[in-house]
Structure formats: C-alpha cells, structure tokens
Amino acid sequence: MRSLLAITAFLSLFAVTVSAQEIVYTDASVFPVYGKVSEDTETRYERLPSDLKGVSRDPVWYLGTNSAGLYIRFRSNSTSIHARWESTYNNSMTHMTDTGTKGLDLYALVDGEWRHVCSAQPQGKTSQRTIIANMDPVEREYMLYLSLYDGVSALEIGVDAGATLDLPAIDRPSREKPIVMYGTSILQGGCANRPGMAHTNILSRRLDREVINLGFSGNALLDMEIAHLMASVEDPGVFVLDYAPNAWDYLIDEKGEEFFRVIREAHPDVPVIFIEDVIFPHTIFDNAIREEVEKKNEAQKRLYRRLKKAGEKRIYYIGAEGMIGDDGEATVDAIHFTDLGAMRYVEHVLPTIKKALR
C-alpha cells in the first residue's frame with residue numbers, strides 16, 4: 001500500500017511538473033499598458049508620475065501606487081491563459097472582494113465586443129492562476145485589467161508552449177482622445193467584485209476608448225497637482241470631475257474654480273463635466289448625511305453656474321437624481337457601488353459623456 005501511495009504521489013508530482021513545463025510565461029512589461037497619464041512612474045503599474053512623490057499628500061501618493069483602471073493588451077492563440085503576479089501590499093478589505101481589491105480580470109474581443117472571460121483570484125501577496133483553459137486554438141485579442149485597491153509589482157502572462165503571444169494587432173480601446181476622470185473611492189473602483197466592473201472600465205468598453213482613472217479613495221480634495229496632472233494629458237477627449245463625494249462644500253467653493261481653470265487654460269476647447277454627489281441610500285434615514293450631500297451638491301451647482309455666467313461654453317453638469325436607482329439596492333455599505341451600482345452609474349452618465357465627446 002505504501003509503495004502504491006508513493007508511486008501515485010510521484011505520478012501526481014510528475015503530472016504537475018509536466019503541466020508546468022507546458023506553460024511559458026512572459027513578463028507583461030513587453031505589452032502596452034493603458035490608463036496612465038505618464039510612463040514616468042516609479043514602477044510600471046502605478047498611476048502617478050514619479051515627480052509627484054513628495055509633492056502629493058502621502059495618502060494621494062500611496063493611492064496612486066494602486067493600479068486602478070490600468071490594463072494590459074495582448075493577443076494569443078493559446079488554448080489557455082495564465083497569470084503570475086505579485087501584489088504590492090497584499091491589501092484586504094471587509095466590504096470588497098479580494099478579486100476586486102488585488103485580483104486580475106481578463107476580457108477578449110469577440111465579434112467586435114469586449115466579453116468577460118474569467119477573473120484571476122488572488123492567493124495572497126504572490127499568486128499564480130489559470131484564468132481560462134480548454135479553448136479552441138484561435139487567435140484572440142485580450143485585455144487584462146489590473147487590481148483596483150492594491151498595486152501590481154510584478155506580472156507575467158502564461159500561454160501554452162508553442163502558442164503565440166504577441167502585441168495587440170488593433171488599437172482597441174482607442175487611445176485617441178482619452179477620457180480623464182477624477183474622483184473618489186467610488187471612481188477608484190470601490191467596491192467592484194472584479195476589476196472589469198469598476199465603472200471607469202465599463203465606460204471604457206462601452207465607448208471603446210481609453211479612460212484614465214484618477215480616483216483616490218477618501219482623498220479627492222481638489223489637490224492642485226492633480227489638476228496639473230490632468231492638464232498634462234495630450235489631446236484629451238473630455239474631463240470628468242466627480243470629486244463631490246469627498247470634497248466638502250467649502251472646499252468646492254474655495255478651490256473648485258481654481259482646479260477647473262488649471263485644466264481649462266491647458267485645454268480651452270476640451271469639454272469638462274461636473275458630477276454631483278450620489279444620493280446615498282441612507283440619506284432617507286441619516287439626517288446628517290442628507291444635509292452633507294445637499295450642501296456639496298449645492299456648492300457644485302454654484303460653481304457650475306458661476307462658470308456658465310463667466311462665459312464658459314463647453315461645460316456640462318450631471319445631477320444625482322436617479323444616478324444609482326431609487327431602490328437602495330446598488331451599494332455595499334450605503335456608499336460604495338456594487339456591480340449593479342456601477343452599471344446604473346454608467347447608464348446615468350453615458351449620454352452626457354457621449355454628447356460632450358461629439
């Protein structure tokens with residue numbers, strides 16, 4: 001019996017070894033990464049350029065090392081796709097899945113549309129996952145979304161030995177005239193079940209256009225270096241300002257116009273969209289939260305009206321009414337969106353973004 005068990009164990013180990021040998025890994029640094037303002041970052045999968053270290057407040061800099069909104073593009077005819085990656089911090093949160101926090105999410109281009117393939121669930125600080133297997137050996141374009149609330153310090157893509165693994169053959173989502181979005185934890189991706197369901201990533205697929213995610217959890221406080229960073233984007237399509245859930249009414253009154261002017265002076269003809277704070281489900285119960293949201297939205301309206309009165313033409317305003325539905329079912333904790341909330345948000349803002357882009 002012991003001999004049989006030993007032989008079985010050996011054969012199992014041999015099978016695992018053979019299986020591992022059949023997969024060839026390539027460092028993902030050879031593939032284009034989307035969603036960054038600048039390539040001049042301390043590590044590849046960060047969002048803020050290195051020259052903002054020591055300039056940005058410490059929480060903003062830390063959150064900038066999270067890879068929210070970044071994605072890798074490649075193509076392959078492999079029957080399986082694998083990933084090995086290391087998370088920067090090994091973060092975990094009580095109100096968000098680990099897959100959304102520090103996992104990966106794979107999409108493929110099928111009949112002209114980006115379709116979800118499968119997510120790569122993290123195993124800890126270092127992870128190795130078979131994302132999909134048993135496919136036909138057909139060449140496909142792939143998009144791999146990175147973690148929303150952690151960084152990615154190393155990433156490799158694995159395919160069958162002998163299969164192709166190449167640069168993307170087509171520019172989709174288009175990198176021309178990217179959408180630049182500034183906001184809060186919600187915009188960063190809280191609390192999507194998987195990275196592809198962050199609303200900025202949904203918008204990117206719906207519009208077939210690169211979206212730059214400048215969401216900083218709890219820290220969208222109209223920091224001027226972020227305005228200058230947004231202004232540095234070459235040939236943007238539209239700017240979206242969704243900071244109200246973090247910025248107090250007095251901050252909007254004091255800094256809102258200055259923040260806007262930095263962007264407007266750099267891009268006189270690029271549309272800018274202002275978005276109100278969400279009417280959260282618990283505002284019908286919590287009087288203090290309701291008053292806070294009302295004050296922020298009134299401040300946002302004052303800013304928009306002041307700019308219109310000053311002669312600004314290419315500015316748009318999106319109100320909160322109906323943003324995530326009125327049934328109270330679109331959040332995890334009465335604030336951060338579930339996947340349902342993200343989808344409803346996209347449907348709410350998409351018509352205005354399309355209008356601005358035209």
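## Close-up views of a predicted model

**View 1. Strand 11 sits inside the fold.** Strand 11 is largely enclosed by the rest of the structure, because seven of its 10 residues are buried. Please keep in mind that this is a predicted model. Strand 11 covers residues 174-183 and pairs with strand 12 in the parallel sense, over six bridges. Two places to look for that pairing are Ile179, which stands opposite Val211 in strand 12, and Val180, whose bridge partner in strand 12 is Ile212. Strand 11 also pairs with strand 13, again in the parallel sense, here over five bridges. In this pairing, Met181 stands opposite Val240 in strand 13. A handy reminder for reading such a view: in a regular strand the side chains alternate between the two faces of the sheet.

**View 2. A parallel sheet of five strands.** Stepping back a little, we can follow the strand order 12-11-13-14-15 through an open sheet with parallel pairing. Which strands form the edges? They are strand 12 (209-215) and strand 15 (315-318), each of which pairs on one side only. From one strand to the next, the twist averages 20 degrees. Helix 9 (residues 339-357) lies across strand 11, strand 12, strand 13 (238-242), strand 14 (272-275) and strand 15. Relative to strand 15, helix 9 runs at about 165 degrees.

**View 3. Helix 5 against two strands.** Helix 5, residues 199-207, lies across strand 11 and strand 12. Its direction makes an angle of about 165 degrees with strand 12. Is helix 5 mostly covered or mostly uncovered? It is mostly covered, with eight of its nine residues buried. The buried residues of helix 5 are His199, Thr200, Asn201, Ile202, Leu203, Ser204, Arg205 and Leu207. Just after the helix comes Asp208, which has a positive phi, near 55 degrees.

**View 4. The largest nonpolar core, with Ile179 in the picture.** The largest nonpolar core holds 44 residues, and those touching the most other members are Ile179, Met181, Ile273, Ile275 and Ile353. Helix 9 gives the most to this core, contributing seven residues. Apart from this core lies another one, of 38 residues, which includes Leu48, Leu52, Ala231 and Val270. As general background, nonpolar side chains tend to be buried together in soluble globular proteins. Which residues does Ile179 contact, once its neighbours within four places in sequence are left aside? They are Leu207, Arg209, Glu210, Val211, Ile212, Val238, Val240, Ile353 and Leu357.

**View 5. Helix 6 packed on helix 7.** Helix 6 (residues 224-231) and helix 7 (residues 249-266) pack with their axes 8 Å apart, at an angle of about 20 degrees. The two helices are therefore roughly parallel to each other, as angles under 35 degrees count as roughly parallel. The crossing in which helix 6 passes helix 7 is right-handed. From helix 6, the residues taking part are Met224, Ile226, Ala227, His228, Met230 and Ala231. They meet Lys255, Glu258, Phe259, Val262, Ile263 and Ala266 in helix 7. When you trace a helix, remember that an α-helix has 3.6 residues a turn, so residues three or four places apart point the same way.

**View 6. Arg306 and its contacts.** Arg306 lies in helix 8, which spans residues 287-309. Why does Arg306 count as partly exposed? Its relative accessibility is 33%, so it falls into that class, since buried means under 20% and exposed over 50%. Leaving aside neighbours within four places in sequence, Arg306 is in contact with Asp253 and Glu257. Arg306 and Glu257 are 49 residues apart in sequence, while their C-alpha atoms are 8.8 Å apart in space.

**View 7. An antiparallel sheet of four strands.** Our final stop is an open sheet of four strands with the order 1-9-4-7, where the pairing is antiparallel. Strand 1 (23-27) and strand 7 (126-132) are the edge strands, each pairing on one side only. With direction ignored, neighbouring strands of this sheet are turned by 25 degrees against each other on average. Strand 1 and strand 9 (residues 152-160) run antiparallel and are joined by five bridges. To find this pairing in the view, look for Val24, whose bridge partner in strand 9 is Val159.

Definitions and conventions
Residues numbered from 1 in each chain as written. Predicted model: local features only at pLDDT ≥ 70, side-chain atom pairs only at ≥ 80, totals over all residues. Heavy atoms only, no water. Pairing = 2+ DSSP bridges. Axes fitted to C-alpha atoms, helices over the stretch in contact; angles between N-to-C directions. Contact = heavy atoms within 4.5 Å. Buried < 20%, exposed > 50% of the residue type's maximum accessible area, 1.4 Å probe, protein only. Core = buried A, V, L, I, M, F, W, Y, C linked by side-chain atoms within 4.5 Å. Parallel < 35°, antiparallel > 145°, perpendicular 65-115°, else oblique. Left-handed = near helix turned anticlockwise from the far one by under 90°.
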